[in-house]
Amino acid sequence: MSADALAARTADAFAARFGRTPAGVWAGPGRVNLIGEHTDYNGGFVLPFAIDKTTTAALAVRGDRTVRVASALAGTEAVEVDVDGLRPGSVTGWAAYPLGVAWALEQAGVRLPGFDLLVDSEVPVGAGLSSSAALECAVAVGLAELAALDGRAGLDRRALAAVGRRAENDMVGAPTGIMDQYASLFGSAGSAVFLDCRSKEVQLVPLVLDAAGLVCLVMDTKVSHAHATGDYARRRDSCTRAAEALGVPLLRDVPHDRLAEAQQLLDDETFRRARHIVTENQRVVDAVRTLRIEGPAAIGRLLDASHVSMRDDFEISCPELDLAVDAAREGGALGARMTGGGFGGSAIALVPAAGVDAVRDAVWRAFASRGFRQPELFTVRPADGARRLL
Ligand code: ADP
Ligand code: MG
């Protein structure tokens with residue numbers, strides 16, 4: 001569905017639920033991380049792009065202090081609260097994302113009116129495409145714009161990214177980094193978002209897949225690992241330990257040529273965790289340079305190397321992700337890797353447009369022959385960041 005059609009559907013659903021037309025409809029895209037996994041909390045580099053699947057937020061202010069939020073997503077319930085009663089712990093479930101944004105905006109000095117909100121989305125939930133940041137960013141740009149209509153100061157996109165993260169960290173209680181919100185807010189059609197997670201400096205890097213005759217195929221394995229949160233925390237602990245042993249604030253500060261020394265200092269597992277971060281950071285820098293000089297067809301080997309590093313050193317892959325990556329490569333992909341936090345979710349493959357059916361077939365056949373549940377396969381392209389649609 002086009003963004004405009006989704007916006008019209010969202011406005012209709014808003015009118016059906018709240019009995020009036022919305023003041024506007026805003027979009028926040030999901031994202032794919034092209035390369036740079038688990039480097040964010042190590043102060044390193046990431047290279048995500050906003051995708052052409054968005055979450056939409058239809059909004060209208062109210063004359064009182066009541067907030068009503070509803071979503072078209074199956075299984076969600078509408079919630080009604082007082083805007084002055086918002087604080088961490090006051091809301092649970094899906095509504096903690098949009099209401100966390102409202103709370104974080106107020107914490108950042110934006111005085112919000114009461115409002116009605118209806119959310120719709122084409123971003124699959126829990127597939128590693130950050131439906132959570134898509135939701136936060138759609139709501140954040142919409143509320144910030146509505147609040148600014150009264151002549152109140154607005155917030156820039158960096159501040160809105162911090163608002164989205166704060167909502168997720170403090171209201172939802174998920175200890176996530178800043179990458180997803182930056183991708184959703186700074187994305188641009190035909191570009192990837194090169195983010196230095198320490199300085200928060202952003203550079204757009206050309207990623208024009210169509211002109212290069214390529215597509216990005218997402219392979220959603222539909223696997224979710226029950227222990228992913230604990231494993232994530234353990235990976236973070238390993239990185240902190242390695243940085244301490246090496247006498248640096250963050251692993252981002254370890255140059256490649258200190259790896260031999262690191263191997264002497266650290267136990268084998270901690271060393272391999274650190275090696276993934278150090279080499280992955282370098283791969284992001286290499287991917288940016290390669291995209292600028294040679295174009296996307298030349299980054300395949302970096303994607304492959306990234307996957308091997310996550311599989312063997314950081315140990316965050318799983319049999320389904322490994323199979324998707326291997327089958328895609330055997331089917332003709334130029335490169336492939338798991339993307340997102342790991343232990344399930346999606347992998348991506350960079351595929352010549354003419355060969356995408358062969359890759360799909362190869363992946364489906366491989367999953368069938370192993371008796372795995374069939375993955376969901378779809379293509380995405382780099383798209384614009386959060387914006388007003390209607
Ligand atoms: P993802 O990888 O998709 O970001 P998360 O677990 O971080 O997975 O976020 C998914 C959660 O975000 C959902 O369980 C739900 O609470 C919320 N969410 C995302 N999109 C929507 C939506 N369209 N409507 C309601 N809630 C949503
Ligand atoms: Mg998320």
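This tour goes from the two domains to a ligand shell and then to three helix pairs in a predicted model.

**Stop 1: the two domains**

Colour the protein by domain. Domain 1 takes in 3-204 + 384-388, and domain 2 covers 207-380. Place a marker at the centre of each, using C-alpha atoms. The two centres are 26 Å apart.

Now select the interface. On the domain 1 side, 29 residues make contact, and they meet 31 residues of domain 2. Which elements give two or more residues to the side of domain 1 that touches domain 2? Highlight β1 (24-35), β2 (45-61) and β6 (191-196). Stay on β2 for a moment: this strand gives the most to that side, with 7 residues. Then recolour the domain 1 side by residue class. You will find 14 nonpolar, 11 polar and 4 charged residues there.

**Stop 2: ligand 1**

Centre the view on ligand 1 and show its surroundings. The shell holds 17 residues. Show S71, W94, S121, S131 and S132 as sticks, since these are the closest. Next, trace the shell back to its elements. β5 (115-121) and α3 (131-148) each give two or more residues. The largest share comes from α3, with 3 residues. How many charged residues are in this shell? There are none: the shell divides into 8 nonpolar and 9 polar residues.

**Stop 3: α2 against α3**

Keep α3 in view and add α2 (residues 96-107). The axes of α2 and α3 come within 9 Å, crossing at roughly 45°. The crossing angle therefore makes α2 oblique to α3. Its hand is right-handed.

Select the contact itself. From α2, take Y97, P98, V101, A102 and L105. From α3, take S132, L135, E136, V139, A140, L143 and A144. S132 is a residue to pause on, because it was also listed among the closest to ligand 1. By class, the contact of α2 with α3 has 10 nonpolar, 1 polar and 1 charged residues.

**Stop 4: α2 against α4**

Hide α3 and bring in α4 (residues 157-172). Helices α2 and α4 pack at an angle of about 115°, and their axes lie 8 Å apart. This crossing is right-handed.

Show the side chains on both helices. On α2, the contact uses A96, Y97, L99, G100, V101, W103, A104, L105 and Q107. On α4, the partners are V163, G164, R166, A167, E168, D170, M171 and V172. Colour the contact of α2 with α4 by class: 11 residues are nonpolar, 3 polar and 3 charged.

**Stop 5: α4 against α5**

Hold α4 on screen, drop α2 and select α5 (residues 179-186). The axes of α4 and α5 come within 9 Å and cross at roughly 140°. That angle makes α4 oblique to α5. Is the crossing left-handed or right-handed? α4 passes α5 in a right-handed crossing.

Pick out the residues that meet. α4 supplies R157, L160, A161, G164 and R165. α5 supplies Q181, Y182, L185 and F186. The contact of α4 with α5 has 5 nonpolar, 2 polar and 2 charged residues. End with G164 selected: this residue of α4 is in the contact with α5, and G164 also appears in the contact with α2.

Key. Residues are numbered from 1 along each chain as its sequence is written. Chains are lettered from A and ligands numbered from 1 in the order in which they are written. This is a predicted model: local features need pLDDT of at least 70, side-chain atom pairs count only at pLDDT 80 or more; totals for chains, interfaces and linings use all residues. Domain bounds come from an automatic or database domain assignment. Two residues are in contact if their C-beta atoms, placed from the backbone, lie within 7 Å. Helices (H or I, at least four residues) and strands (E, at least two) are DSSP runs, numbered from the N terminus. Ala, Val, Leu, Ile, Met, Phe, Trp, Tyr, Cys and Pro count as nonpolar, Asp, Glu, Lys and Arg as charged, and the others, Gly among them, as polar. A residue is near a molecule or strand if its C-beta atom, placed from the backbone, lies within 6 Å of it. Axes are lines fitted to C-alpha atoms, for helices over the stretch in contact, and angles run from 0 to 180 degrees between N-to-C directions. Angles under 35 degrees count as roughly parallel, over 145 as roughly antiparallel, 65 to 115 as roughly perpendicular and the rest as oblique. A crossing is left-handed if the near helix is turned anticlockwise from the far one by less than a right angle, and right-handed if clockwise.
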